[in-house]
Structures are given as C-alpha cells and as structure tokens.
Amino acid sequence: MARQKRSFYFWLMTQRNETGADEIAQFANNAFFDQAFPKQSHNYEELSNYLELNAGYLPEMSIFDDAFREYLDQDTI
C-alpha cells in the first residue's frame with residue numbers, strides 16, 4: 001500500500017520557530033494564524049494562487065517556492 005505524502009501545510013507547521021529569523025520559519029509562523037490557508041493541499045498552483053491573493057504576511061513568493069521545494073524533497077510520512 002502506497003503511503004501518502006503529508007500536505008504542504010502539515011509539513012510547513014514542522015518548520016515553525018517563534019524566535020527564528022529564518023524566512024521559512026516566519027512563513028510557517030504566519031501561516032499558522034491564517035485560518036483560510038488550504039491545509040489539505042499538495043498542489044503547487046493552488047497554494048501559489050492562494051498565497052498571491054491572500055497572504056500579505058509573505059513578503060516574497062520566492063520564500064514559498066523555496067519552502068515548496070524543501071517539502072517535495074522530504075520523505076513521505
């Protein structure tokens with residue numbers, strides 16, 4: 001039976017660090033408070049579109065791109 005990769009949001013929450021200066025950690029901290037974040041999505045386009053339109057807390061989309069690349073490199077759960 002194939003194992004399903006966790007959602008991007010679930011992975012992102014493992015990157016949270018309230019005192020961290022890392023851009024991905026700051027993105028994760030802010031996404032935690034975003035109640036409308038597409039929490040079950042694995043889809044780059046869906047997430048990217050949502051963030052471009054709704055995430056004023058994300059100063060540059062390249063932070064999401066870097067985070068998504070790291071997410072894809074992770075093992076499945």
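In this predicted model, the structure holds 13 aromatic pairs. A pair of aromatic rings is described by the distance of the centres and the angle of the planes. Tyr9 and Phe37 form a tilted pair, because their ring planes stand at 45 degrees, with the centres 5.3 Å apart. This contact links distant parts of the chain: Tyr9 belongs to helix H1, while Phe37 sits in the loop between H2 and helix H3 (44–54), 28 residues apart. Tyr9 is buried at 12% relative accessibility, and Phe37 is buried at 3%.

Phe64 and Phe68 also make a tilted pair, with ring centres 5.6 Å apart and planes at 50 degrees. Both residues lie in helix H4 (residues 61–73), where four residues, about one turn of the helix, separate them. Phe64 has a relative accessibility of 0% and counts as buried; Phe68, with a relative accessible area of 6%, is buried too. Phe64 and Phe68 belong to one aromatic cluster, which includes Phe8, Trp11, Phe27, Tyr44 and Tyr71.

Charged side chains come next. Side chains of opposite charge can pair when their charged atoms come close. The count of salt bridges comes to two. One joins Arg16 and Glu18, with the closest N and O atoms 3.6 Å apart. The other is between Arg69 and Asp66, at 3.0 Å from N to O. Arg69 and Asp66 are three residues apart in helix H4, so about one helical turn separates them.

The accessibility of the four salt-bridge residues is listed here.

| Residue | Relative accessible area | Class |
|---|---|---|
| Arg16 | 27% | partly exposed |
| Glu18 | 69% | exposed |
| Arg69 | 49% | partly exposed |
| Asp66 | 35% | partly exposed |

Glu18 counts as exposed because its relative accessible area of 69% is above the cut-off, exposed being over 50%. Arg69, at 49%, is partly exposed, because that class lies between the buried limit of 20% and the exposed limit of 50%.

Negative charge also gathers on the surface, in a patch made of Asp22, Glu23, Glu60, Glu70 and Asp73. Within this patch, Asp22 lies in the loop between helix H1 (8–13) and helix H2 (23–32). Asp22 is partly exposed, with a relative accessible area of 46%. A residue in such a patch needs over 30% relative accessible area and no salt bridge, so Asp22, at 46%, meets the area requirement.

Technical notes. Residues numbered from 1 in each chain as written. Predicted model: local features only at pLDDT ≥ 70, side-chain atom pairs only at ≥ 80, totals over all residues. Heavy atoms only, no water. Patch = residues over 30% accessible without salt bridge, like charges linked within 9 Å, V, L, I, M, F, W, Y side chains within 5 Å. Areas by Shrake-Rupley, 256 points an atom, 1.4 Å probe, with all protein chains shown as cover. Salt bridge = Lys/Arg side-chain N within 4 Å of Asp/Glu carboxyl O. Lys, Arg positive; Asp, Glu negative; His and termini not counted. Charge placed at Lys NZ, Arg CZ, Asp CG, Glu CD. Helix = DSSP H or I, 4+ residues; strand = E, 2+ residues; numbered from the N terminus. Buried < 20%, exposed > 50% of the residue type's maximum accessible area, 1.4 Å probe, protein only. Phe/Tyr/Trp six-rings, centres within 6.5 Å; stacked < 30°, edge-to-face > 60°.
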